[in-house]
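Open the model in your viewer and keep the sequence panel beside it. The stops below are given in the order in which to select them.

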Amino acid sequence: MKRTAVTLSAVALLLPLSACGGSAEAGSGSTVTVTVGYQSKTINTVTAGTLLRSLGYFEQQLNALHDGHTYKVDWQDYATGAPITAQMTAGKIDIGSMGDFPLLLNAARGKQLGSPTRLVSVTGYNLRGGLNTVVTAPGSKLASLTDLKGKKVSTSIGSAADGTLVRALQRAGIDPDKGISKLNQQPAVGASALSSGSVDALSQFVAWPGLLAYQGKAKALYDGAQLDLPTFHGVTAREAFARQHPSVLEAFLKAQAEATDYLNAHPVAAAEKVAKATGLPAEVVYLYNGAHGIATFDPAVKPQLVSALKQDVSVLKAAKLTGDIDVDSFVDDQYVKKALGTSYAKRLAAAPPPAASEVWPKGSEKTLPFKSAKELLAYVAGRQDGIRAAYVPDATTGTLWFADQAVWVADGDRLLPFVAPATAQAYVTTHAGARTVSYREALERAS
């Protein structure tokens, strides 16, 4: 795309009445800079961030507007949603992507500061909550959430992962404020704290739990899908920006839909692109963003996700992070409906793909699906040196996990994988003759 070589500050000085962060509002030949805040390593947002940027679809859509403007996209990468919100309310970011709890804080902060924002689309979601996981060190003796009582737990307060932790502790009969020692840390800091032994557990969002498990630095303690409450990430835009530049926002949403279609059609290639841009292992990206990954990508604003967002408000209020939030006024799907046209209804009605086991062979650009975890194990058992990654869905929650990191249960001829030891034990308790087995034994039984 043709771009005008001019700095943001220069544009702001020459055109002080601009609407975007340092951009020109109108005039033939003027430059409009659209500032997009994203989280490259929060791979549940890649269709509005990392992948979208690498594909260049947004720039292509802007170039196709032919409205007399020259467009420039300023991509700004952050570790969490909080700084994106701060920049949005200051008028310095036009479009941002973040998780459900940060989205609510975005809504509250925008209203409080007189710079309202709107939720305009969804990136990735999991209807059961499987995007957030509590993990412990590989050698930890902790086996369930009840074991966390009195322990040190790292999380990012106000994040979706913190919301999962709070709800999970409440269900386990532990006061989330007084029952544990909670440390408010950025994901990378929390991961280091877990490795050093300065915390007993870490509750984080995609892709940190999967990354640490893949690296052998953590094991799952609690699968967020046990809550059976939807969690998602979405796109938020400044209301003033949306009003003044509706065609630009629609161009972004069309580009997001294109990136979503690319991810769904080419999941392995998409994982490789995201891995190259972020430094994350492609095997970890695929765990979440693959054909049967933990996340389902669709820009449609589904009613069940909006309903979940309303339920999240009470958690943030209890933590004194916000007051009441009018979710209905925050959600504004008019732009994505217009951008996607007749396809929107189909996307809105679409359901996540069924859970499935997959193997990613070395040197292959495709994965191999299997009807059962046992069939996958039989395949892996004879080809261990030729396997890049093997994935299996939890037998009760459907959450995808690495086969060699899963907790395996033998029940007669069946071999069942679970993300966390507590869910595996719950199955064993209710099925006579069932018992947990090691991954090695599971492979031997399947071969």
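Start with helix 13. At 1.5 Å a residue, its 16 residues should span 22 Å, and the end C-alpha atoms lie 24 Å apart, which agrees. The helix covers residues 303-318. This is a predicted model, so colour it by pLDDT before going further: the chain average is 93, and 94% of the residues score at least 70.

**The buried side of helix 13**

Within helix 13, select Leu305, Val306, Ala308, Leu309, Asp312, Val313, Val315 and Leu316; these residues are buried. Now show what they pack against: helix 5 (100-112), strand 4 (117-126), helix 6, strand 10 (231-238) and helix 14 (327-330).

**Helix 6 against helix 13**

Add helix 6, residues 160-171. At what angle do helix 6 and helix 13 pack? The angle is about 80 degrees, and the axes are 11 Å apart. Angles of 65 to 115 degrees count as roughly perpendicular, and helix 6 and helix 13 are therefore described that way. To see the contact itself, show side chains for Gly163, Val166 and Arg167 in helix 6, which meet Gln311, Asp312 and Val315 in helix 13. By class, this contact has two nonpolar, two polar and two charged residues. Asp312 and Val315 are also among the buried residues of helix 13.

**Past the end of helix 13**

Next, select Lys320, which follows helix 13 and sits in the loop leading to helix 14. Lys320 is not a glycine, yet its phi is positive, at about 60 degrees. Is Lys320 buried or exposed? With a relative accessible area of 73%, Lys320 is exposed.

**Two more backbone stops**

Most residues other than glycine have a negative phi, and most peptide bonds are trans. Go to Asp228, in the loop between strand 9 (219-223) and strand 10. Asp228 has a positive phi near 55 degrees. Its relative accessibility is 44%, so Asp228 counts as partly exposed.

Then move to the loop between strand 8 (201-205) and helix 8 (208-214), where Ala207 is placed. The peptide bond from Val206 to Ala207 is cis, with omega near 10 degrees.

**Low-confidence stretches**

Finish with residues 1-19, where pLDDT stays under 50. The model has 33 contacts beyond four places in sequence for this stretch. Residues 22-28 also stay under 50, with 26 such contacts.

Notes:
Residues numbered from 1 in each chain as written. Heavy atoms only, no water. Axes fitted to C-alpha atoms, helices over the stretch in contact; angles between N-to-C directions. Helix = DSSP H or I, 4+ residues; strand = E, 2+ residues; numbered from the N terminus. Parallel < 35°, antiparallel > 145°, perpendicular 65-115°, else oblique. Contact = heavy atoms within 4.5 Å. Nonpolar A, V, L, I, M, F, W, Y, C, P; charged D, E, K, R; others polar. Expected span 1.5 Å × (residues − 1). Buried < 20%, exposed > 50% of the residue type's maximum accessible area, 1.4 Å probe, protein only. pLDDT = per-residue confidence, 0-100.
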